[in-house]
Structure formats: C-alpha cells, structure tokens
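Let's take a walk through a protein together. Keep the sequence and the 3D view open, and look things up as we go.

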Amino acid sequence: MSDLRFRNIDVDPGDPVEDWGFEGLLSAVDRGGFYDWQKVVTAFRRDPWGPVARILEREVFDVAESSGVVGAMRTALAIARTDAQAREQQVVAAELMELLERSGMSRAQFAERLGTSQSRLSTYLSGKVTPSASLMVRARGIADGK
C-alpha cells in the first residue's frame with residue numbers, strides 16, 4: 001500500500017495516474033515507494049508515448065531529486081517502448097501475411113508485384129523489418145485485385 005500524499009493538487013494517489021499531472025508524478029518519483037512507482041510504470045506501459053510518459057520525460061525526470069528512481073524509470077520506459085514497437089511490428093507482419101494469402105499468389109509473385117525481393121518480403125513477414133506505409137498500401141491493393 002502507499003503512504004504517498006499529494007500537496008497542493010486536487011488529485012489523490014488513489015486516482016488514476018493519468019490524472020496526477022506533473023506535481024503528482026514528481027511527488028511519486030521523489031517521495032513515493034515501490035507501490036507508487038509500479039503504478040506509474042504500469043501507466044506508461046499501457047501507453048509508452050502517452051501523457052504520463054511525456055510528462056515524465058519532458059518535465060519530471062529533469063527536476064526529480066531521486067536519481068536512482070529516475071534512472072530505473074527511464075530504463076523501464078525504454079523497455080516499454082521497445083516492447084510496444086515489437087508488438088506493432090508483429091501486427092504489421094501478420095497483416096502482410098494475411099494480404100499475401102488473400103492475394104492467392106506465391107511469395108515470389110507477391111514480392112515481384114510489390115517491387116521488392118523475396119528475401120526482403122521474408123524480413124517483412126517475420127517482423128524483423130517493418131515495411132513502409134506505401135508498401136502496405138500497395139500490398140492491400142494487390143490483395144484486393146487492383
């Protein structure tokens with residue numbers, strides 16, 4: 001449980017972290033404990049580029065006194081963003097695989113129609129490389145028979 005108390009703000013530590021704002025987040029970093037830090041990390045793991053993450057990296061981290069907590073949170077935020085990007089890459093890879101299957105073409109034919117090589121297509125399908133937005137538009141058109 002938390003012993004954290006906010007001063008001079010109209011939110012409570014029991015409110016959603018997204019409502020805490022700069023003062024609440026700074027208080028949690030500097031005067032909070034593990035439970036409070038875990039709530040903050042959970043919030044930015046849900047949305048690694050959202051408001052909580054932005055307030056932390058643009059304001060709180062620069063003025064917080066607890067350098068150890070700041071370092072740990074910076075690392076946790078970097079990991080959250082890396083994890084989110086990996087999930088997003090897999091979503092794109094899965095969509096491209098579905099488009100390939102829907103096209104009824106072989107990988108070689110699909111790659112040629114996309115204007116890429118089979119080996120590059122394989123990197124897209126595995127999620128190792130993320131294709132450009134224009135390639136995805138082209139793939140959708142091919143799958144739709146255009």
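Which residue just after α5 takes a positive phi? That's G115, with a phi of about 85 degrees. Before we go further, keep in mind that this is a predicted model.

Now step back into helix α5 itself, which spans residues 107–114. Here F110, A111 and L114 are buried. Because these residues cover an arc of only 100 degrees around the axis, they sit on the same side of α5. That fits a simple rule: an α-helix has 3.6 residues a turn, so residues three or four places apart point the same way. And what do the buried residues of α5 pack against? Their partners are α4, α6 (118–126) and α7 (133–143).

One of those partners, α4, covers residues 67–103, and S103 belongs to this helix. Is S103 buried or exposed? Its relative accessible area is 18%, and under 20% means buried, so S103 counts as buried. A polar atom of its side chain lies 2.6 Å from the backbone oxygen of L100. Leaving aside residues up to four places away in sequence, S103 touches F110, I142 and A143. You've met F110 already: it's one of the buried residues of α5.

Next, let's look at the nonpolar cores. In soluble globular proteins, nonpolar side chains tend to be buried together. The largest nonpolar core here has 23 residues, and those with the most contacts inside it are L25, V29, V40, F44, V52 and L56. At least two residues of this core come from each of α1, α2 (34–46), α3 (51–63) and α4. The largest share, six residues, is supplied by α4. For a closer look, pick V40: not counting residues up to four places away in sequence, V40 touches V17, W20, L25, A28, V52, L56 and M73. Apart from the largest core lies another one, of 14 residues, including L100, F110, L114 and A139.

Last stop: go to the segment before α1 (21–31), where you'll find N8. Most residues other than glycine have a negative phi. N8 isn't a glycine, yet its phi is positive, at about 65 degrees. Is N8 buried or exposed? With 80% relative accessibility, N8 counts as exposed, because the cut-off for that is over 50%.

Terms used
Residues are numbered from 1 along each chain as its sequence is written. This is a predicted model: local features need pLDDT of at least 70, side-chain atom pairs count only at pLDDT 80 or more; totals for chains, interfaces and linings use all residues. Side-chain values use heavy atoms; hydrogens and water are left out. Helices (H or I, at least four residues) and strands (E, at least two) are DSSP runs, numbered from the N terminus. Buried means under 20% relative accessible area, exposed over 50%, partly exposed in between (1.4 Å probe, protein chains only). A polar contact is a pair of N or O atoms within 3.5 Å; within protein, one must be able to donate a hydrogen and the other to accept it, and residues adjacent in sequence count only if both atoms are side-chain atoms. Contact means heavy atoms within 4.5 Å. The arc is that of the directions from the helix axis to the C-beta atoms. A nonpolar core is a set of buried Ala, Val, Leu, Ile, Met, Phe, Trp, Tyr and Cys residues joined through side-chain atoms within 4.5 Å.
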